[in-house]
Each structure stands twice: as structure tokens, then as C-alpha cells.
Amino acid sequence: MLKQDIFLCNLDDLAEQEATELNVEQCPLFAVRHNDNLYAYWNSCPHVGVPLNWMPGKFLDIDKRFIQCSSHGAIFGIDTGKCVAGPCVGDHLSPVVLKQKDNDFYLTAGQKLPNPSINLRAQALADLEDS
Ligand code: FES
């Protein structure tokens, strides 16, 4: 449970279709500015629970119309979080509850934190080091 509001960003710090990321108690999330609003989701693909992006801040498809998972290509509406194509079609990204004060956006206290997403790359590297 998030104990207090946490500052995420000011809308003016992002260009349209630009994303920002944050880690809260080991739970990664991202937010995208879209049509002068901000949409935030926990960074975990509903397909298998891995982070959506493979590069920092890169969450959108090449046309910047959808959020796209880098693992298997599922695409999600930016404003809905709903998967519209890919292996988890019909599933949704988990939204982060935001609070807005002027153009500043905050994560709202009291919301439940998700289970940390699976980091397959870190697991593979740890397995290599162990072998
Ligand atoms: S892990 Fe995202 S589409 Fe498979």
C-alpha cells in the first residue's frame, strides 16, 4: 500500500506521446502524455508479467499511437490500457491512480502496489553467474 502521495512529473516536462518512468518500492511504472493528459500504468505486461519496455522510456510503437510490449508485440490503448492486438488481447494494463494539482501529477496514497514484475534478463544473468 502506498503510504503517501508521490510526485510523478509535471505535464509540461513531457512532449506529446513522451513517457516517463518511476520505481516505487521496487514496483516500476510509467506514464505517457497523450492529448494533454497523463496516463500511468504499472510496468508489467498482462501476458507474462515482464516489463513492457526494453529501452528506458520507450513504451510506444513506431507510430506512437499505442503502448507496445517489447517481448511479443502486444499493443495497448494509451488512454485505456486495453490490449487491442497480440497474445493478451482483451486484457488490460494495471492503471496507476494519479492525482493532479495544476500540471503536477502525483501517485495517490492508499493504492495497492502490484507484485514486482519478472525481470527475465536479470534472472538469466544471475543464472549465468551461478553456473
Ligand atoms: S510479454 Fe508482453 S506480449 Fe508477451
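This passage describes the nonpolar core and two open sheets of a predicted model.

Local features were accepted only at pLDDT of at least 70 and side-chain atom pairs only at pLDDT 80 or more, whereas totals for chains, interfaces and linings use all residues. Residue numbers start from 1 along each chain as its sequence is written. Strands are DSSP runs (E, at least two residues), numbered from the N terminus.

The largest nonpolar core, a set of buried Ala, Val, Leu, Ile, Met, Phe, Trp, Tyr and Cys residues joined through C-beta atoms within 7 Å, holds 25 residues. A residue counts as buried if 20 or more other C-beta atoms lie within 10 Å of its own, with C-beta atoms placed from the backbone. The members that touch the most others are F30, A31, V32, A40, Y41, F59 and I67. Two or more core residues are given by each of the elements β3 (27-34), β4 (37-42) and β9 (104-107). Strand β4 supplies the largest share, 5 residues. In soluble globular proteins, nonpolar side chains tend to be buried together.

For A31, contacts (C-beta atoms, placed from the backbone, within 7 Å) were listed without the neighbours within four places in sequence. The partners of A31 are then L8, C9, A19, T20, L38, Y39 and A40.

One open sheet consists of 3 strands in the order β5-β6-β7, paired in the antiparallel sense; strands are taken to pair if DSSP finds at least two bridges between them. Its edges are β5 (66-68) and β7 (83-85), each of which has a single partner strand, so one side of each lacks a neighbour in the sheet. Neighbouring strands are turned by 40° against each other on average, direction ignored, with axes fitted as lines to C-alpha atoms. Between β5 and β6 (residues 75-77) there are 3 bridges, in antiparallel pairing. I67 has F76 of β6 as its bridge partner, and I67 is also among the core residues named above.

A second open sheet has 3 strands in the order β1-β9-β8, again with antiparallel pairing. Here β1 (6-10) and β8 are the edge strands, each pairing on one side only. The twist from one strand to the next averages 30°. Strand β8 (residues 98-101) is joined to β9 over 4 bridges in the antiparallel sense. In this pairing, K99 is bridged to Y106 of β9, and Q100 to F105 of β9. The hairpin of β8 and β9 has 2 residues between the strands, and D102 takes a positive phi near 55° there.

Note on methods
Buried ≥ 20, exposed ≤ 12 C-beta atoms within 10 Å, placed from the backbone. Contact = placed C-beta atoms within 7 Å. Axes fitted to C-alpha atoms, helices over the stretch in contact; angles between N-to-C directions.
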